[in-house]
Amino acid sequence: MRMYDIIAKKRDGGVLTPQELEFTVNGFVAGEVPDYQMSALLMAIYLRGMTAAETAQLTEIMARSGDQVDLSAIEGVKVDKHSTGGVGDKTTLVITPIVAACGVRIAKMSGRGLGHTGGTVDKMESVPGTRTSIGREEFFAQVNRIGISVIGQSGNLAPADKKMYALRDVTATVGCIPLIASSIMSKKLAAGSDCILLDVKTGNGAFMKTSEESIELAKAMVDIGQRHGRRVAALITDMNTPLGHNIGNSLEVAESVAVLKGHGPADLTEVCYQLAANMLLLAGKGTLPECRAMAERAVASGAAFQKLKELFAAQGGDTRVLDDPSLFAPAKASRDVLAPRSGFLYATDTEKIGGASVLLGAGRLKKEDPIDFAAGIVLHKKAGDRVQAGEPLATLCADDEARFAAAEELFLDAMQFADQAPALPPLVLARVTVDGVERF
Ligand code: URA
């Protein structure tokens, strides 16, 4: 078999065989297929696409390229969730304790922030003492004991994806549905859960800018899951505006606590209930309305907040900051951003807001950059709100006043004002399952 022929076949619109995909991916991981040939093939896939069967085979080969977590040592149904990434997206910290409090096991591996989007592992580490890297035995024992563990992704989970993603990133081949679907699902299949709920973000703060693209991506991922014997569903959720009011690591933990105590922002609370209900549905806990009611009861009874505390306590975290988030170390400096005019906040460029939080120190500009857990943005106004000139739109938090000028400029550039109120999209736009697409 020759790489040259495989590239030419895809270039001409052919369908690659499992043997050809295996030769390519395994050869690339082993260093036998050079970057330039892999880049040419990725571009051919970008331009020609892949069939559903081809995408599923590619995913399986990528999932098998490294560790495959066998969760059979954990009793019961295990449910995972994945978000394609957003700004202020702290749903994992809310819904995993809700679902665990309802008796469904969570053995979850999460990621760090990427670009303008945040990551669960960074948020968890903002709780002093929290360990996000624990051995497999301890991970399993914790899930068997308290029903939940959330840790960082093991270094050797789907290494083919890691190498392919790095190449896609520099060869303009990221935005391709079969490649994104296989990238995400290879990691989810390797992580071992029986059920996977996908939160596909859509809008100006997400990878997928339109709901139709997001639905196509969701359909591809649901199909891959089904072909591999996993129960998978996806919600398409809005990311034209940040979720909730807080952006930044300890700020987002505090807001997650507020939702679990029953007084979180309405948008975040609603998205979390819908995600949690769909996870419970996948786990076979009842009909969707029954699962929603179960999730709401877990919050109202305090069981879900208790589960969050158990999760952090088991991983060494100081739960005093969960009982009282005002105990989080505050940012050294803060500054209000004032509305330049009166009217309505008509729309926000969410990617720029995420970028402003990174400039404040809440995310990384380079992979090795440290994170300032207290840095970030508290939004006082969101798209659709009426504003008066001079009123605070947001408070910026950082360790150094010098960070404010650039962050404020980018933040204000993200704000669009108008005299009339905008029509806002629904928080959840569609649900994609093996049975089809339901649009809301
Ligand atoms: N997230 C991933 O893990 N992979 C992609 O290709 C895009 C988003």
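## Lys 201 and its surroundings

In this predicted model, Lys 201 touches ten residues beyond its sequence neighbours up to four places away: Ser 83, Thr 84, Gly 85, Asp 89, Ala 206, Met 208, Ser 214, Thr 237, Met 239 and Leu 243. Lys 201 sits in strand S4, which covers residues 195-202. Its relative accessibility is 1%. The cut-off for buried is under 20%, so Lys 201 counts as buried.

One of the residues touched by Lys 201 is Thr 237. The side chains of Lys 201 and Thr 237 make a polar contact at 3.0 Å.

## The ligand site

Seen from the ligand, the surrounding residues are Tyr 165, Arg 168, Ile 180, Ser 183, Ile 184, Lys 187 and Phe 207. By class, the shell holds four nonpolar residues, one polar residue and two charged residues.

Polar atoms of the protein approach the ligand from several side chains. For Arg 168, a polar side-chain atom lies 2.9 Å from a ligand oxygen. For Lys 187, a polar side-chain atom is 2.5 Å from an oxygen atom of the ligand. Ser 183 faces a nitrogen instead: an N or O atom of its side chain is 2.6 Å from a nitrogen atom of the ligand. On its own, the ligand has 240 Å² of accessible area, and the protein covers 92% of that. Two elements give two or more residues to the shell: helix H8 (159-170) and helix H9 (177-191). H9 provides the largest share, with four residues.

## Loops beside H8

Ala 158 lies in the loop between strand S3 (148-152) and H8. Its phi is positive, about 50°, although the residue is not a glycine. Ala 158 is buried, at 1% relative accessible area.

Ala 172 occupies the loop between H8 and H9. Here too phi is positive in a residue other than glycine, with a value near 60°. The relative accessible area of Ala 172 is 57%. Exposed means over 50%, so Ala 172 is exposed.

## Ser 39 and Tyr 4

Ser 39 belongs to helix H3, residues 35-48. At 17% relative accessible area, Ser 39 is buried. Not counting residues up to four places away in sequence, Ser 39 touches Leu 167 and Thr 171. The C-alpha atoms of Ser 39 and Val 170 are 9.3 Å apart, with their positions 131 residues apart along the chain.

Tyr 4 is part of helix H1, which runs over residues 3-11. Its relative accessible area is 53%, so Tyr 4 is exposed. A distance of 9.6 Å separates the C-alpha atoms of Tyr 4 and Ala 40, which are 36 residues apart along the chain.

## Thr 130 in its loop

Thr 130 is in the loop between helix H6 (120-125) and helix H7 (136-146). The residue has 11% relative accessibility and counts as buried. A polar atom of the Thr 130 side chain lies 2.8 Å from the backbone oxygen of Val 127.

Which residues does Thr 130 contact, leaving aside neighbours within four places in sequence? They are Met 124, Glu 125, Phe 312, Gln 315, Gly 316 and Gly 317.

## The chain as a whole

The protein chain has 17 helices and 14 strands. Its radius of gyration is 22 Å, close to the 22 Å given by the globule rule for 440 residues, so the chain is as compact as a globular protein of that length. Along the principal axes, the C-alpha atoms fill a box of roughly 65 × 45 × 40 Å.

Of the 440 residues in the chain, 56% are buried. The exposed area is about 17,400 Å², and carbon and sulfur atoms supply 52% of that area. Contacts often span long stretches of sequence: among those between residues at least 6 apart, 77% join residues at least 24 apart.

Note on methods:
Residues are numbered from 1 along each chain as its sequence is written. This is a predicted model: local features need pLDDT of at least 70, side-chain atom pairs count only at pLDDT 80 or more; totals for chains, interfaces and linings use all residues. Side-chain values use heavy atoms; hydrogens and water are left out. A residue is near a molecule or strand if one of its heavy atoms lies within 4 Å of it. A polar contact is a pair of N or O atoms within 3.5 Å; within protein, one must be able to donate a hydrogen and the other to accept it, and residues adjacent in sequence count only if both atoms are side-chain atoms. Accessible areas come from the Shrake-Rupley method with a 1.4 Å probe; for residues, only the protein chains shown count as cover. Ala, Val, Leu, Ile, Met, Phe, Trp, Tyr, Cys and Pro count as nonpolar, Asp, Glu, Lys and Arg as charged, and the others, Gly among them, as polar. Buried means under 20% relative accessible area, exposed over 50%, partly exposed in between (1.4 Å probe, protein chains only). The radius of gyration is taken over C-alpha atoms; the globule rule is 2.2 Å times the number of residues to the power 0.38. Contact means heavy atoms within 4.5 Å.
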